[in-house]
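Me: I have a structure open and want to learn how to read it. Can we go feature by feature?

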Amino acid sequence: MKNDSKVLLIEDNAGDVRLIREMFRENSRHEAELTIVSTMREAEGHLATRQTDLILLDLGLPDAQGLEAVRLAHEAAPHVPLVVLTGLDDELLAVKALKEGAQDYLVKGDIDSRGLLRSVRYSIERKTAEKALRAESHELHKKEARIRSIAENLPGFLFQCFVDEADCIRFEVIWTPGFEFLDPMRSTSSGTAYSVLESVHPSDRQKLTDAIINARRIGSNWEQTLRLVAPADKELWVHATALMRPGEAGDTVWDGVALDVTDQIAMEMRNAELHVKLRQAEKLEAIGTLAGGVAHELNNLLQPIIMMTELVLANSLQSHRQVELLQRVVDAGNKAAEIVQRILAFGRIDEATLQLLDAATIVGEAVGFISPLLPSSITLNVDIGENVGMILGDKTQLTQVMINLVTNARDAIGAKVGTLSISLSNLGAGCDRPVLRAGVILRGAYAVLKVSDTGTGMDEAVVRRAFEPFFTTKEVGKGTGLGLSVTYGIVTGHGGQIQVDSIPDRGTTFSIYLPIKEVLSTAANPGAASNTASAVNTESSLSAALSARPEFVAPGSRTMHSSSR
Ligand SMILES: Nc1ncnc2c1ncn2[C@@H]1O[C@H](COP(=O)(O)OP(=O)(O)OP(=O)(O)O)[C@@H](O)[C@H]1O
Ligand SMILES: [Mg+2]
């Protein structure tokens, strides 16, 4: 007890007041400042205005008796310790008084000065300790609430990882609200418990095990980025960081947090994909320049060879054998010239040959003369959307693109039964913001030509090299490996993009995106389509036999239809 503890004695009996004052005085070491009031009313007034360290309360006051007095005094100063003083030695009342908040119960006449002072001191100390405890528990509650709030908003979950002597790994997880769907206990309708480890993607389990066992061996923390599979096949990536501490039962324990990094990983993957595409484009450009240069030189050499040989051939003095040999030179020369022309197409596009073309007409016409060349084992599906739009292009080159893609598709299906699908649609009309579609950034409206087959497909290594000039997987004499490089050159020369999706043994889809210069509207601008169609028709004798929009069933099992979207 502090020497200057302020004690309020509520007592109306003058004899008892004297006695108690004496008792305090007797114990001179603990001189408390004693204030005396004789009614509960006075006491309430005092407690409301003065600091008090302890109340000594008589239970027989003129304005409050028994437990009522305890209750009133406690209400007036709930945090001030209270010691009851009474002449009645009543156990039951004592217990009740303690329940009402009294710290102690002293029977007058039974106590001496030391007993009284001890009780006063202990009561004050107990109350002070209680107060400190209350403050501590309040702080603890606040801290707990903060931790709960952080955990609830955590983009991930908390875990503990245990490894025992036999290298058995066990996880205990504290699920946060956003990640409870991963909880195997929650998600199994049968309620059968299975380890959270089963949520780890099968391909990532070994690397997680290795990391943990290794961390145990060298006594370190561990971190891992891995996939988790939720029951509804939802997949997400988490980055787990775990800090080591010694366990209680001889095992090793890590406390950790696993944060959801799905979006980050997806972005990194997209960047890596774009990076590969960019490197491929740069490589193709370099090869294209080289091939273009070589082709140009070869062309200059080939022309005089062919011309001179033809001149010599024209000379009637040649023997039959000589004519045959010279004809072979001309044929070989022409074949070489044809290849050279294809390589040259890989290079720059000739602006002079560009004209506004109806995308649907070009595709329709090409389909018209390609379809008879396909064996009946191949089903051809054609789906040309209406009002796809006008593109600025070179008709011969764009037809070449169709031929190259269809030939490749046909070769990929081979002698098997398969399906070749050609579709033309419109993408992004009316959208002025660039869009990212399947790794290709597109600005404005595009005509999208898709050529799909159910053929052999390509593995990643072939896809990576498919556009390189002279890359072929075909037998010698079957393919020169120029088809796709020329296609690439033509499409990019038209300001377009080309994309390939292929699954080995399942098939391939080539998607060509060509910028639309004018959207076709048959109602508002009926002349645009027919004008262009007629310009195109005069160029090609084949196209004369075809309508701009093919709507017929080709021979064999091929079906063709146009769609309106
Ligand atoms: N639709 C496809 N399905 C499977 N593989 C394909 C497909 N298209 C192209 N390829 C692969 O890409 C390679 C290169 O194709 P590209 O058209 O450039 O040359 P090619 O067809 O081999 O020869 P060329 O076209 O000069 O006659 C092919 O050899 C083939 O391996
Ligand atoms: Mg080809």
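Me: Which residues come nearest to ligand 1?
Reply: This is a predicted model, so keep that in mind throughout. To read a binding shell, list the residues around the ligand, then pick out the nearest. Here 23 residues surround ligand 1. Ala412, Thr472, Gly479, Gly483 and Leu484 come nearest.

Me: Which helix gives the most to the shell around ligand 1?
Reply: Sort the shell by element. α11 gives the most, with 4 residues. α11 spans 395–413, and α13 spans 483–493. Each of the two supplies at least two residues of the shell.

Me: How do the residues of that shell divide by character?
Reply: Sort them into three classes. Around ligand 1, 13 are polar, 8 are nonpolar and 2 are charged.

Me: How many helices and strands are there in the chain?
Reply: Count the elements before looking at any one of them. The chain has 14 helices and 20 strands. It has 565 residues, and 28% of them count as buried. Now look at contacts with a separation of 6 or more: 66% of these join residues 24 or more positions apart.

Me: In what order do the 5 strands of the open sheet lie?
Reply: Read a sheet from one edge to the other. The order is β7-β6-β10-β9-β8, with antiparallel pairing. The edge strands, β7 (169–174) and β8 (222–229), each pair on one side only. Neighbouring strands are turned by 30 degrees against each other on average, direction ignored.

Me: Over how many bridges do β9 and β10 pair?
Reply: Take one pair and follow its bridges. β9 (residues 235–246) and β10 (residues 252–260) pair over 9 bridges, in the antiparallel sense. Within β10, Gly256 stands opposite Ala242.

Me: Which helix packs on the sheet?
Reply: Look for a helix touching the strands. α7 packs there, touching β6 (156–163), β7, β8, β9 and β10. The direction of α7 makes about 155 degrees with that of β8. Next, check its span. α7 covers residues 202–218, 17 residues in total. From first C-alpha to last, α7 reaches 26 Å, close to the 24 Å expected. Gly219 follows α7, with a positive phi near 65 degrees.

Me: Why does Ala359 count as buried?
Reply: Count the C-beta atoms around the residue; 20 or more others within 10 Å make it buried. Ala359 is buried because 26 other C-beta atoms lie within 10 Å. Ala359 sits in helix α10 (residues 359–370). Leaving aside neighbours within four places in sequence, Ala359 contacts Val388, Gly389, Ile391, Leu424, Ala447 and Leu514. Take Ile391: it is 32 residues from Ala359 in sequence, but 6.2 Å away in space, C-alpha to C-alpha.

Definitions and conventions. Residues numbered from 1 in each chain as written. Chains lettered and ligands numbered in written order. Predicted model: local features only at pLDDT ≥ 70, side-chain atom pairs only at ≥ 80, totals over all residues. Near = placed C-beta within 6 Å. Nonpolar A, V, L, I, M, F, W, Y, C, P; charged D, E, K, R; others polar. Expected span 1.5 Å × (residues − 1). Buried ≥ 20, exposed ≤ 12 C-beta atoms within 10 Å, placed from the backbone. Contact = placed C-beta atoms within 7 Å. Pairing = 2+ DSSP bridges. Axes fitted to C-alpha atoms, helices over the stretch in contact; angles between N-to-C directions.
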